Amino acid sequence: MMSSSNKGKEIAQGSSRSITTPGSANIDHSNQNPPVLSRYESQKRRDWNTFGQYLRNQRPPMALSQCSSNNVLEFLRYLDQFGKTKVHIQGCMFFGQPDPQGPCTCPLKQAWGSLDALIGRLRAAYEENEGSPETNPFANGAIRVYLKEVRDSQAKARGIPYKKKKKKRNPIKRSDQGSSNFAMQ
């Protein structure tokens, strides 16, 4: 017989004991509450499933092992149809203006920041689920070039130059020089 303090401790720690009731099979109560995923992990799983569905919907369906950076680029272009960011085209009267004064017929696209974050999550998910960093199609140089082109074109269309933020450097404070040097005699 288990003492009440041990029983409470076991419940709090999520015991994986099986409970048998008369006339029933063993019931494992250890997995009643699956672990709660972080927002990032949930989004990564959702993105991974979406990309897998995209590959399955190709004609003919494509296995992940056959996927290349070209397929990733096609996927990113496919996602533009669901975008919410207005990207002015060269002939638009609002091209290059950060705050346009009226509506226009320019297309909505995925924002560069969203695509960049998506690729980061898919790169991590690929390595967790399928393969090595060397074969990761999301880490290919062509993807980085595409993201840079999207970033630059969206910045130009909005009239907002993209400037890479410089990292703040913490200067190393030197201690009193007299205390660290040896006196020569």
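Let's start with a crossing. Helix 3 and helix 5 cross in a right-handed sense. This is a predicted model, so confidence comes up as well.

Stay with that pair. Helix 3 covers residues 69-79, and its axis lies 9 Å from the axis of helix 5, at an angle of about 25°. Anything under 35 degrees counts as roughly parallel. Helix 3 and helix 5 are therefore roughly parallel to each other. Who touches whom? From helix 3 we have Ser 69, Val 72, Leu 73, Leu 76 and Arg 77. From helix 5 we have Ala 142, Ile 143 and Tyr 146. By class, that contact holds six nonpolar residues, one polar and one charged.

Next, the other partner of helix 5. Helix 4 runs over residues 112-129 and helix 5 over residues 141-158. Their axes come within 9 Å and cross at roughly 165°. That angle makes helix 4 roughly antiparallel to helix 5. The crossing here is left-handed. On the helix 4 side, the contact uses Trp 112, Leu 115, Asp 116 and Ile 119. On the helix 5 side, it uses Ile 143, Tyr 146, Leu 147, Val 150, Arg 151 and Gln 154. The split is seven nonpolar, one polar and two charged.

Look at Ile 143 and Tyr 146. Both sit in the contact with helix 3, and both sit in the contact with helix 4.

Now helix 2 against helix 3. How do these axes cross? At roughly 105°, coming within 11 Å. That makes helix 2 roughly perpendicular to helix 3. Helix 2 brings Thr 50, Phe 51 and Tyr 54. Helix 3 brings Asn 71, Val 72, Glu 74, Phe 75 and Tyr 78. Five of the contact residues are nonpolar, two polar and one charged. Val 72 is a name you have heard already: it also meets helix 5.

On to the rings. How many aromatic pairs does the structure hold? It holds 10. One of them is Phe 51 with Tyr 54, and that pair is stacked. The centres are 6.3 Å apart, with 25° between the planes. Helix 2 spans residues 39-56, and these two residues are three apart in it, so about one helical turn separates them.

After helix 2, check the backbone. Arg 59 and Pro 60 are joined by a cis peptide bond, with omega about -5°. Most peptide bonds are trans. Where is Pro 60? In the loop between helix 2 and helix 3.

Last, confidence. The chain averages a pLDDT of 78, and 68% of the residues score at least 70. Residues 1-24 fall below 50, and beyond near neighbours in sequence this stretch has 19 contacts in the model. Residues 177-185 also stay under 50, and for them the model has zero contacts beyond four places in sequence. Where pLDDT is low, predicted coordinates should not be read in detail.

To recap: helix 5 is roughly parallel to helix 3 and roughly antiparallel to helix 4. Helix 2 is roughly perpendicular to helix 3. And Pro 60 follows a cis bond from Arg 59.

Terms used. Residues are numbered from 1 along each chain as its sequence is written. This is a predicted model: local features need pLDDT of at least 70, side-chain atom pairs count only at pLDDT 80 or more; totals for chains, interfaces and linings use all residues. Side-chain values use heavy atoms; hydrogens and water are left out. Axes are lines fitted to C-alpha atoms, for helices over the stretch in contact, and angles run from 0 to 180 degrees between N-to-C directions. Helices (H or I, at least four residues) and strands (E, at least two) are DSSP runs, numbered from the N terminus. Angles under 35 degrees count as roughly parallel, over 145 as roughly antiparallel, 65 to 115 as roughly perpendicular and the rest as oblique. A crossing is left-handed if the near helix is turned anticlockwise from the far one by less than a right angle, and right-handed if clockwise. Contact means heavy atoms within 4.5 Å. Ala, Val, Leu, Ile, Met, Phe, Trp, Tyr, Cys and Pro count as nonpolar, Asp, Glu, Lys and Arg as charged, and the others, Gly among them, as polar. pLDDT is the predictor's confidence in each residue, from 0 to 100. Rings of Phe, Tyr and Trp (its six-membered ring) pair if their centres lie within 6.5 Å; planes under 30 degrees apart count as stacked, over 60 as edge-to-face and the rest as tilted.
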